[in-house]
Amino acid sequence: MKNEVKIHEVDPSLNNRRSFLKLSGLTLVSAGLVIAGCSNNDDNDAPMEDTTLPGIRNGVFDLGAGDFGVLTYAYALEQLEADFYTKVVNASNFNATFNDIERQVLTDLYYHEVIHRDFFKAALSGALPNPSTQLLPTLAFNYGSMNFNSRNEVLATAKALEDTGVAAYNGAGKLIKSPDYLLLAGKIVSVEARHASAIRSLINPNSSDFAGDDIISTSTGLDVAKDPSKILPIAGGFITTKFTAKYLP
C-alpha cells in the first residue's frame, strides 16, 4: 500500500505571507515532490520491530532510522526553529528591540520555519504506515532565562540554531536513500543556509561573517556537516519532551 503527499506549486504572485500560508495547503513551494511510504500491512499497523519506523519503544518515542527516521529528525529540528521564531516575533517589545531590516528578516525566518514544520507534519502524516503512533508528537521547549526582548540574546540564539540546522541537514544527506527525499533536503538546507547568512550579517554587518571560517572550510570550501548524534545534544538543550534516536548515527 502506498501513501502519497503531493506538494503543489503556489502562485508566486501571492505576496502576502499570511495568505500564502493559508492558501498553499502544505505551504512548501516545491512543485512535483512526493513523500511516499509503503506498507504491506493492510491495517497499516506496522510492527515496531521495524527500527526504520519512528514510534514508541519502551515507553519513549524513538525517531527510527532510514528515510523516515531522517525526516522525523528534521521534523523535530523544524519544530524547534518554528517555536523559537514564533516567540521572537511575538515578544512584547519586538518592534522596539529590532530595527526595520531586522524585523523583516526575523519575520521572514518565522514564516519559513513554520512552513517547514507544517510541511513535515503533513508529509509524514500522509506517508507513515500508522501516523497515529509513528508521528513525532508536538514537542515542548524551554529557553531558560533567555530574554526575547534582548537583541543580542535573540540573534546569538538564532545564529546557533541556524548554523546547527545547516550542519544537521548536511550531515543527514548521506543517510537518505530516496532521491526525492534527498532533493527535498537539499531545497530546505539551501533555505537554512540563507537564514544563517542573514543572521550573521545582522550581527556583524558588512563583514565576511556570513560565510565565516568557523562554518566553511578554507581548504575545501564546504560547509560543516554533523551526524544526528552531534546535533541532538545541542538541540536537546531547548527541547523538554523526551525522545531517543537509537538507530541514527
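So, one definition before we start: when I say helix or strand, I mean a DSSP run, with at least four residues for a helix and at least two for a strand, numbered from the N terminus. And keep in mind that this is a predicted model.

Okay, the overall layout. The protein chain has eight helices and five strands. Walk along the sequence and the pattern goes β-α-β-β-β-α-α-α-α-α-α-α-β.

How is the chain packed? Of its 249 residues, 48% are buried. Take the contacts between residues at least 6 apart in sequence, and 75% of those join residues at least 24 apart. As for the surface, the protein chain exposes about 12,200 Å², and carbon and sulfur atoms supply 52% of that.

Now let's zoom in on helix 4, which covers residues 100–127. What span should we expect for its 28 residues? At 1.5 Å a residue, the answer is 40 Å, and the end C-alpha atoms sit 41 Å apart, so the two agree. The N-terminal end of this helix has a cap too: N99 does that job, with a side-chain oxygen 3.1 Å from the backbone nitrogen of I101.

Last stop, L53. Where do we find it? Look in the loop between strand 2, residues 34–38, and strand 3, residues 55–57. Is L53 buried or exposed? Its relative accessibility is 4%, and the cut-off for buried is under 20%, so L53 counts as buried. One more thing about L53: D67 is 14 residues away in sequence, and the C-alpha atoms of the pair are 8.8 Å apart in space.

That's the tour, thanks for listening!

Technical notes. Residues are numbered from 1 along each chain as its sequence is written. This is a predicted model: local features need pLDDT of at least 70, side-chain atom pairs count only at pLDDT 80 or more; totals for chains, interfaces and linings use all residues. Side-chain values use heavy atoms; hydrogens and water are left out. The expected span of a helix is 1.5 Å times one less than its number of residues. A polar contact is a pair of N or O atoms within 3.5 Å; within protein, one must be able to donate a hydrogen and the other to accept it, and residues adjacent in sequence count only if both atoms are side-chain atoms. Buried means under 20% relative accessible area, exposed over 50%, partly exposed in between (1.4 Å probe, protein chains only). Contact means heavy atoms within 4.5 Å. Accessible areas come from the Shrake-Rupley method with a 1.4 Å probe; for residues, only the protein chains shown count as cover.
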